[in-house]
Amino acid sequence: MMQHVHTDPRRGLPTAPSSNIRPPIEDIKLLEPILYTGPKFYITVVCLLAVIALGVFAYMTQYREGLGVTGLGRPVYWGFYITNFVFFIGISHAGTLISAILRIVGAEWRRTITRSAEVITVMVILFGVGNILIDLGRPDRMLNVVLFGKLRSPLLWDVCSITVYLTMSTTYLYLPLIPDIAILRDYTTKHRWLYRMLALGWTGTPRQHRVLELLISVMAIVVIPVAVSVHTVVSFVFAMTIQPMWHSAIFGPYFVVGAIFSGIAALIVAMALIRWVYDLGDYLKDLHFNNLSLMLLVMCFAWFYFTGSEFLTTFYGNEPAHMGIFWMKISGPYAPHFWVMVATCFVIPVAILCNKRTRTILGAVIASICVNIGMYLERFIIVVPSLSQPRLPHAESIPYSPTWVEWSILAACFAAFTLLYVLFTKLFPIVSIWEVQEGRENSIAEVTARLKTYLPEPYVPEDKEQPIGATP
Amino acid sequence: MAKWGMVIDLDRCTACQGCVTACQAENNLPPTGAVEADRGRNYTWMEMIPFSGEGEHPKPIERLLPRPCLHCDNPPCVKVCPVGATFKNEEGIVGQIFSRCIGCRYCTTACPYTARYFNWSTPKWPAPMSDHLNPDVSIRPKGVVEKCTLCHHRLQNARDQARAENRPLRSGEYVTACAEACPAGAMVFGDMSNPESEVSKLAHSRRAFKLLEDLGTDPKVIYLREGD
C-alpha cells in the first residue's frame, strides 16, 4: 500500500511517514510555489503593501474627517463604495458557483481549476463586505445591525445572505483542501504546525474519503441556491426602493447573470496569471481557457439579453422619471460609461471569443479584462445616475466625481485581494493535488464506464447466419 | 390620537424663504459655506424647490415650493432602515434616532423627495452663531442622517406646559417654526385627525394636492394649488 518515497534532492521533501497519503511526486511542480520563494515574490508583496498603505491612509482620513472627504453629496449619497460592493460580490460568484456546477455535472476538466476559482470567492467577498463598512458614516456603530436589526430592510437580507455565503464558501474551499494539507504536512517541512492543525488528522483512509466526498457533494448542491440568493438580495437593495430605473423586477436575475459573467472573467484572468507566474501550463491548459471562454461567450449574450430587456422596457414605457435616467445613460453625462460598457461587455468579447483563431489564452484574457471593466461601469451606472436625478427637486443635479480617497480605497481593495490570493498560493497548492491524482487513477476508467452507459446496447442478431433485412 | 400635518397654500406663499431661515435657526442646522453647498452638502430641512406642476405647454408656471419632510403615512425611508433608526410614531411624525443611525444612507436614497440630509463632517458654527444654538435640539454628530422632525421638541415643550397646568393640549399650542415664521400665513399646522381643525378643513379643499401622489407615500404635508 505504502509506496517508498525517495528523499527529494531539493530542500523540503522528507521521506514520508506511514499513511495512505500518496506522495505528490508526479505533481511536485504544484508544491514549488510553497517550497521556494524568490525575490519576485517579495517585490510583488512590497508593491501591493504600498498600495494598501495608501488605502489605509485614505480610510484613516475619511474616518477622522467624515465622508465629506469623498465626492458624495446630496442627492448622490452612494458612489464608489456601493459600486465596489456590488462589483466584488459579483466577482465572488466566480468560484463557488462555477466550481459547484462543474462538480455536480461531473465535468472532468474541472479538477485543476476549481481551487483557484473557490479562492477568488472567499477572498473577494471580504472586500464586498469591507466596502459596505467603509461606506458607513458611523462604522463604530456597525453592531447596531445585530442589536437593532430590522428584517424588513433589504440591507438586513444582505447581511444574512452574505454571512451564510461567506461561511459556506469558506467551508467549500476548505473541504477539498484537507487532503492537500495532509500531503503538505507529511511531505514538506515548512509551516508544519499550521498544516498539522488544518489537516484535522487526515490519513486518507477509504472511510475518510467517503465522508469527504459526501460532504463536498452536499456542499456543492447547497451552495448554489445560496450563491444565487446573495446576488439577488444585493439587487434588492436597489430594486426594493421606488427610485427610477432601480425599481425593476428584472434586477434579481440581471445581477445574478452579471455576477456569473464578471466572475468567469475574473477567473480567466486569475488562471492566466497563475499559469504565467508559476509556469503551470501543464495543469491550466488551452482546453481550460477554451471551455471557460465559451462559458464567458454564453454569458455575454445573456448579459446583452438582460440589458436589452431592461432598457427597452424603460424606453417603451416612457415614464418621465425613468426616461430622465434613461437619457442620462444613453446620451447624457453617463453616456461615455454606458457605451464603453456596451463595447467592453459585449462587442469586444464577442468579437474575440466567437472566432476560433482569436479564442486563445491571450484573447480570453483581453476579453476578460474588458468584461471586468465593463461590469464595473455597469454597476457604476446602476448606482449613480438613478441618484443624480431624483424625482424631486427638479433642479439641476450635482454631478458625482470620486476623490482621491475613493480611488485610493478602490486601488487598495484590488491590491489587498491580490495579496491575499498570492499568500494563499504560497501556503496551499493552487491546483488540487489529490484531485489530479484521483483523476489519473480513477477517472479514465470511470468516464469510460459512464460513456458506455450513455450508448444503447448494440444489437446482436440471434441467428448469426441470417443476413440483416431478410425476413425470417 | 393626534395626526400632525401641515397645509401649504401656494396662493399665499411669496417664496420669501422665511420658513427656510426659521427652520435653520430653530433646528441648529449648520451653515456649510459656498464650496460645500456646491457639492450638495448644505442642510435645508425646509427647502424651496423649483416646481413646475402647473400650466400648459406654451406658458408653464414655474414656481418655488417650500418642501419640508412630508412625513409620509407610508414612508419609504422607514422600511429600508436596517437598524430602526428612523421610524413613524403613533402621531404620524417620521423621526430619526441620531444616536442609533449607522450612516448607511439607505433612507436618503430611498426617499423620493430627497428630503433627508447626511452629516458629511462635524458641524461647525462661526463665532456669533455658535452662542445662539437652540438648547432644545440636539447637535448631530458627523456620519448620521438627519431630517425635519416637525419641530418635535416644540410638541414636547407644549405637552410639558399643558401637563404642568393640568389641562389638555390646546389646538394651536404646538406649531412648527416654519409655520410660525411664515409672514404670508401660507403654512397652517395642526391636527389632521380633528375634522374641525383649520388644517383638516384646508386639506379637504378642492385645491389640495400631494407631492408625487401617485407613488402612494401619502404625505401629511399637503399643498393648495394657486388660482381660486
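How many bridges join strand β1 of chain B to β10(B), and do they run parallel or antiparallel? Select residues 4–9 of chain B, which form β1, and display β10(B) beside them: four bridges join the two strands, and they run parallel. The model is a predicted one.

**Stop 1: the sheet around β10(B)**

Stay on this pair and pick V7(B); opposite V7(B), in β10(B), stands I222(B). Now widen the selection to the open sheet of four strands in chain B, where the order is β8-β1-β10-β9 and the pairing is mixed. The edges are held by β8 (187–191) and β9 (208–209) of chain B; each has a single partner strand, so one side of each lacks a neighbour in the sheet.

Move to β9(B) and colour residues 221–224 of chain B, the strand β10. Two bridges link β9(B) and β10(B), and this pair runs antiparallel. Select A208(B) to find one of the partners: its bridge leads to L224(B) in β10(B).

Next show the side chains of β10(B). V221(B) and Y223(B) lie on one side, I222(B) and L224(B) on the other. All four are buried, and both faces of the strand are covered.

**Stop 2: chain B as a whole**

Zoom out to chain B, which contains eight helices and 10 strands. Along the principal axes, its C-alpha atoms fill a box of roughly 55 × 45 × 40 Å. The radius of gyration of chain B is 18 Å, which agrees with the value near 17 Å for a compact globule of 228 residues. Buried residues account for 45% of the 228 in this chain. Of the contacts in chain B between residues at least 6 apart in sequence, 62% join residues at least 24 apart.

**Stop 3: where the chains meet**

Show both chains and select the contact between them, to which chain A gives 36 residues and chain B gives 38. On the side of chain A that touches chain B, the elements giving two or more residues are α6 (144–147) and α7 (154–174) of chain A. Of the elements there, α7(A) gives the most, with three residues. Colour this side of chain A by class: 18 residues are nonpolar, 10 polar and eight charged.

**Stop 4: helix α4(A)**

Select residues 93–104 of chain A, the helix α4. Its 12 residues reach 16 Å from the first C-alpha to the last, close to the 16 Å expected at 1.5 Å a residue. Of those 12 residues, 10 are buried, so the helix is largely enclosed by the rest of the structure. The buried residues include H93(A), T96(A), S99(A) and R103(A), along with L97(A), I98(A) and L102(A).

To see what surrounds them, add α3 (80–91), α5 (114–135), α7, α10 (206–239) and α11 of chain A, against which the buried residues of α4(A) pack. Just after α4(A), pick G106(A), where phi is positive at about 65 degrees.

**Stop 5: the largest nonpolar core**

Finish with the largest nonpolar core, which has 191 residues. Those with the most contacts inside it are I120(A), I264(A), L267(A), I268(A), L296(A) and M187(B). Select residues 251–277 of chain A: this is helix α11, and its 17 residues are the largest share of the core.

Then centre on L296(A). Beyond its neighbours within four places in sequence, L296(A) is in contact with I264(A), A265(A) and I268(A), and also with P349(A), L353(A), A367(A), S368(A) and V371(A).

Conventions:
Residues are numbered from 1 along each chain as its sequence is written. Chains are lettered from A and ligands numbered from 1 in the order in which they are written. This is a predicted model: local features need pLDDT of at least 70, side-chain atom pairs count only at pLDDT 80 or more; totals for chains, interfaces and linings use all residues. A nonpolar core is a set of buried Ala, Val, Leu, Ile, Met, Phe, Trp, Tyr and Cys residues joined through C-beta atoms within 7 Å. A residue is buried if 20 or more other C-beta atoms lie within 10 Å of its own, exposed if 12 or fewer, and partly exposed in between; C-beta atoms are placed from the backbone. Two residues are in contact if their C-beta atoms, placed from the backbone, lie within 7 Å. Two strands pair if DSSP finds at least two bridges between them. The radius of gyration is taken over C-alpha atoms; the globule rule is 2.2 Å times the number of residues to the power 0.38. Ala, Val, Leu, Ile, Met, Phe, Trp, Tyr, Cys and Pro count as nonpolar, Asp, Glu, Lys and Arg as charged, and the others, Gly among them, as polar. The expected span of a helix is 1.5 Å times one less than its number of residues.
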